[in-house]
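Student: Please take a close look at how the helices of the second chain pack against one another, and then set that part in the context of the whole assembly. I would like the criteria behind each term spelled out.

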Amino acid sequence: MIKRYAALIRNAWLVDLQYRASIVLWLLWGVTEPAIALGIWWAIAGDGSVAGYARADFARYFFAVMLINQLTIAWDSWYLDRWIREGELNYRLARPLHPAHEAVAENIAYKARTASVILVVWLVVAVAWPAVRLPFDPGRWAVTAVAVLLAAAMRFFISFTTGLLAFWTTRATAIMDLHAGVSLFLAGRIAPLALLPPAVAGVAGVLWFRSMLAFPVDVLTGAVHGTDAIVRGLAAQLVWLGVWVGAYRLAWIRGLRRYGAVGG
Amino acid sequence: MTLRIPHSAFRILAAFWRLNLAEELQYRANVVASVLGTLFYMATALLTLALFFHHTTSLGGWNYWEIVVLLGVFNALTGVIEAVLRPGIGQLAGEVRSGELDLVLVKPVDAQGFVSFRRLDVWRFTDVVLGLGLAGYALFRLGHTPSLAQLSAFGLSLAAAAVVVYAIWVVLMSLAFWFVSVENIAVLFDAVYEGARYPVTAYPGALRFLFVYLIPIAWTTTIPASALTGRLRPEIALVAAGVAGVAFALARALWRAALRRYSGASG
């Protein structure tokens, strides 16, 4: 399995290599939203603070959002939608390897390339701008790595499962857009959850949205600390990951039974 | 640098649009989906704004409803972009790559004009209506009745804004002639245009300079909204028209230079 994955990742990496310029553009697009949110909160905070967040806290928060959103984002619903509608799923089903593995390998190759660019940019910016420096804390980074892994896995299954809805509807990607619109607030893309009205932040915590992005970001910046809070956050991530894996199984099995491919 | 528009060009475009409309009318369910999508998009923008104003009373010197006027303008321009620019000139980068542009160049019409206006995504014009409606409602909430001078300044600067947005698209698509592999260059526009959702005064100095002088998106939303609410004097519309003229001329010049580089599918 490891050998297969190495081959798949190498393949995805080389394919991406051909589209370097395109990937840079997607990367730019991905960091604009947090950059603009940072600009606006920067103006609002002024010399004071908003709910305990001063300018430097916002800077750290949104730099962490740029990095971790890139590490956890999954485009798979768009691929799945196309594979199913245009019948490209057929030859993938004929392979002795589940198509999800190809998708996972693509995610790894894409994220390794783009996230390392963001990380390097962050380091360079941090040399000139103390506001975005994080304290040296390997323990926290290790926990962040685990939380990012869980978030990435969950977002992959959310995206993959939503893409599978293309078995039933032509508007699977529209549903994904809807989910993205809601996660703008509930996952913490536009503001730290601490700045949302408490009831809304509560909903984000009960559902899977906080686990998608806000939790790993808060672990990295130190907003979430203490064993108790971290364990509870990781547990929530595990539970929701389990739920989405279950949803994926259900959609995959039911969907394949329905599937009559193009020309089929 | 003359722009010849022979009478026949309009006849050709009219014929294209007729066919286009007939095609779109087959997919009438799309109008519902399009309107729902726009309403959802406007709702998220308003909620984002409400979240900011939960923690402040003004943003870059603007109050909540003033920025809602701006969001209305933003949405109206988004309608123009989605209805005309993306389906038309937005396809250019891909055609340069595949060489399909040859088929355009051999036609006896001005290539830029043809490429720009060949296709309309008519349903997205509803965004223009919804956006202007939102701006009107926000004016009502502001208790501001624009004078005739302010209204005409708004009309002129909104037209200028559309020209500026068009010029930015032409520049981006012309770049595709040099960077052939970048089929998704429109993404760059989406990224930059995000910045137009808020008044430029909300941004730090360097970014403000960038948006006013280098990538002139300040002229697309901030200026028309300011003209409408009376934040700026109506004369600003004349400046906006001048900016639009310069932007158009520069974009046209770059387009010419880009076409000279193009060697076709075989090259």
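Tutor: What follows goes from the second chain as a whole to its helix packing, and then to the other chain.

This is a predicted model, in which local features need pLDDT of at least 70 and side-chain atom pairs count only at pLDDT 80 or more, while totals for chains, interfaces and linings use all residues. Residues are numbered from 1 along each chain as its sequence is written, and chains are lettered from A and ligands numbered from 1 in the order in which they are written.

Chain B has 12 helices and 0 strands, where helices (H or I, at least four residues) and strands (E, at least two) are DSSP runs numbered from the N terminus. Read from the N terminus on, its elements are accordingly α-α-α-α-α-α-α-α-α-α-α-α. Along the principal axes, the C-alpha atoms of chain B fill a box of roughly 60 × 45 × 35 Å. For 267 residues a compact globule would have a radius of gyration near 18 Å, and the 19 Å of chain B agrees with that; the radius is taken over C-alpha atoms, and the globule rule is 2.2 Å times the number of residues to the power 0.38. Of these 267 residues, 40% count as buried, a label given when 20 or more other C-beta atoms lie within 10 Å of a residue's own, with exposed meaning 12 or fewer and partly exposed the range in between, and with C-beta atoms placed from the backbone. Among contacts in chain B between residues at least 6 apart in sequence, 82% join residues at least 24 apart, a contact being a pair of residues whose C-beta atoms, placed from the backbone, lie within 7 Å.

Now to the packing itself, starting with helix H8 of chain B, residues 148–175. The axes of H8(B) and H11(B) come within 8 Å and cross at roughly 175°; such axes are lines fitted to C-alpha atoms, for helices over the stretch in contact, and angles run from 0 to 180 degrees between N-to-C directions. H8(B) and H11(B) are therefore roughly antiparallel to each other, given that angles under 35 degrees count as roughly parallel, over 145 as roughly antiparallel, 65 to 115 as roughly perpendicular and the rest as oblique. On the H8(B) side the contact is made by Gln150(B), Ala153(B), Phe154(B), Ser157(B), Leu158(B) and Ala161(B), and on the H11(B) side by Ile223(B), Pro224(B), Ala227(B) and Leu228(B). By class these residues divide into 8 nonpolar, 2 polar and no charged, where Ala, Val, Leu, Ile, Met, Phe, Trp, Tyr, Cys and Pro count as nonpolar, Asp, Glu, Lys and Arg as charged, and the others, Gly among them, as polar.

Helix H11 (residues 222–229) of chain B also packs with helix H12 (residues 236–261) of chain B, their axes coming within 10 Å and crossing at roughly 160°. This pair, H11(B) and H12(B), is therefore roughly antiparallel too. The crossing of H11(B) and H12(B) is left-handed, a term that applies if the near helix is turned anticlockwise from the far one by less than a right angle, with right-handed meaning clockwise. Here Ile223(B), Ser226(B) and Ala227(B) in H11(B) meet Ile236(B), Ala237(B) and Ala240(B) in H12(B), which by class gives 5 nonpolar, 1 polar and no charged residues.

Within H8(B) lies Ser174(B), which is buried, with 25 other C-beta atoms within 10 Å. Leaving aside residues up to four places away in sequence, Ser174(B) touches Leu254(B), Trp255(B) and Ala258(B). From Gly60(B), by contrast, Ser174(B) is 114 residues away in sequence and 34 Å away in space, C-alpha to C-alpha.

As for the other chain, chain A has 11 helices and 0 strands. One pair there, helix H3 (residues 55–72) and helix H10 (residues 209–221) of chain A, packs at an angle of about 130° with axes 9 Å apart, and the two are therefore oblique to each other. H3(A) passes H10(A) in a right-handed crossing, and their contact divides into 9 nonpolar, 3 polar and 1 charged residues.

Between the chains, 25 residues of chain A are in contact with 27 residues of chain B. On the side of chain A that touches chain B, helix H2 (20–45) and helix H8 (172–186) of chain A each supply at least two residues, and H2(A) gives the most, with 14 residues. That side of chain A divides into 20 nonpolar, 4 polar and 1 charged.

Methods: Two residues are in contact if their C-beta atoms, placed from the backbone, lie within 7 Å.
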